[in-house]
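Open the model in your viewer and have the sequence panel ready. The stops below say what to select and what you will find there.

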Amino acid sequence: MSARRDDDFTVYVRARLAWLRRVGYLLCQDWQQADDLVQATITSLYVHWRRASAMESIDGYARTILVRAFLSERRGGWARRVTLADRLPDRPGPAPDTEGAMDLRVALAGLPPRQRATLVLRFYCDLNVEQSARILGCSAGTVKSQTAKALAALRRTLEPGTSAGPAGAEPRGNTAAGAWGEAACGAKENGHG
């Protein structure tokens with residue numbers, strides 16, 4: 001790669017690294033795994049930088065690589081074979097967070113990987129059905145059904161007063177999709193997403 005292309009790549013990665021990491025975390029619910037996904041993503045992006053830099057949206061290209069790496073990892077069985085115990089906190093000290101965000105994260109982590117990826121693309125990345133279908137490599141109908149199933153599962157899990165709802169939860173008046181926008185991690189507050 002020429003020095004100019006290397007410089008362009010480096011500028012892009014520096015500007016979007018935090019955003020890629022946040023999307024990776026939303027997919028896998030673990031900062032170290034998110035870092036691994038981002039590393040695989042930027043490695044692939046570097047190899048294909050000529051193609052990526054010619055695309056209308058480099059962010060879309062990078063996001064596609066990231067989501068596909070996540071789904072490929074889940075299909076490969078590594079996540080089912082490796083169990084981490086006594087995990088260290090991802091960050092020093094308690095991070096400021098609301099109960100709704102924590103409940104949503106737990107509920108999101110309980111979804112199957114494909115449904116989780118669909119919700120991240122549709123509601124966090126703000127992609128339409130067709131864009132999500134292209135990234136996931138499926139039909140628009142599959143994206144719609146996966147979205148509906150995932151939202152129904154989140155509603156069941158987050159509904160207060162049910163055995164599936166968070167312990168001691170009180171009504172907050174949020175639907176799963178509404179809570180997503182309010183509590184997903186605050187990443188959009190930082191200008192990323």
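Select Trp49 to begin: Trp49 is buried, with a relative accessible area of 3%. Buried means under 20% relative accessible area, exposed means over 50%, and partly exposed lies in between, with a 1.4 Å probe and protein chains only. The model is a predicted one, in which local features need pLDDT of at least 70, side-chain atom pairs count only at pLDDT 80 or more, and totals for chains, interfaces and linings use all residues. Residues are numbered from 1 along each chain as its sequence is written, and side-chain values use heavy atoms, with hydrogens and water left out.

**Rings around Trp49**

Keep Trp49 selected and add Tyr12. The ring centres of Tyr12 and Trp49 are 5.8 Å apart and their planes are at 40°, so this pair is tilted. Rings of Phe, Tyr and Trp (its six-membered ring) pair if their centres lie within 6.5 Å; planes under 30 degrees apart count as stacked, over 60 as edge-to-face and the rest as tilted. Tyr12 belongs to helix H1 and Trp49 to helix H3, and the pair links distant parts of the chain, 37 residues apart. Helices (H or I, at least four residues) and strands (E, at least two) are DSSP runs, numbered from the N terminus. Tyr12 is buried at 12% relative accessibility.

How many aromatic pairs does a search of the whole structure find? The search finds four. Add Phe9 to see another of them: the rings of Phe9 and Trp49 have their centres 5.3 Å apart and their planes at 80°, so the pair is edge-to-face. Phe9 in helix H1 and Trp49 in helix H3 are 40 residues apart. Phe9 counts as buried at 11% relative accessibility. Now add Tyr46, since ring pairs link Phe9, Tyr12, Tyr46 and Trp49 into a cluster.

**The whole chain**

Clear the selection and show the protein as a cartoon. The secondary structure comes to 10 helices and zero strands. Of the 193 residues, 40% count as buried. The accessible surface comes to about 10,900 Å², of which 52% belongs to carbon and sulfur atoms; such areas come from the Shrake-Rupley method with a 1.4 Å probe, and for residues only the protein chains shown count as cover.

Contact means heavy atoms within 4.5 Å. Residues 24 or more positions apart account for 68% of the contacts with a separation of 6 or more.

**The nonpolar core**

Select Val23, Leu27, Leu45 and Val67. These residues have the most contacts inside the largest nonpolar core, which has 46 residues. Helix H1 (3-28), helix H4 (58-75) and helix H7 (113-124) are among the elements that give two or more residues to this core. Which element gives the largest share of the core? H1 does, with 10 residues. A nonpolar core is a set of buried Ala, Val, Leu, Ile, Met, Phe, Trp, Tyr and Cys residues joined through side-chain atoms within 4.5 Å.

Zoom in on Val67. Leaving aside its neighbours within four places in sequence, Val67 is in contact with Leu27, Ala117, Leu121, Ile135 and Leu136.

Next, select Tyr124, which lies in helix H7. Tyr124 counts as buried at 2% relative accessibility. Add Val23 and draw a C-alpha to C-alpha distance: Tyr124 and Val23 are 101 residues apart in sequence and 8.1 Å apart in space.

**Thr147 and the Arg122 stop**

Go to Thr147 in helix H9 (residues 140-158). Thr147 is buried, with a relative accessible area of 9%. Apart from neighbours within four places in sequence, Thr147 is in contact with Thr118, Leu119, Arg122 and Phe123.

Stay with Arg122: its charged end sits over the ring of Phe123, 5.9 Å from the ring centre. A charge sits over a ring if NZ of Lys or CZ of Arg is within 6 Å of the ring centre and within 35 degrees of the ring normal. Arg16 gives another example, with its charged end 4.5 Å from the centre of the Trp19 ring.

**Two loop residues**

Most residues other than glycine have a negative phi. Select Gln29, in the loop between H1 and H2; its phi is positive, near 65°. Asp126, in the loop between H7 and H8, has a positive phi of about 60°. Is each buried or exposed? Gln29 counts as buried at 14% relative accessibility, whereas Asp126 counts as exposed at 58%.
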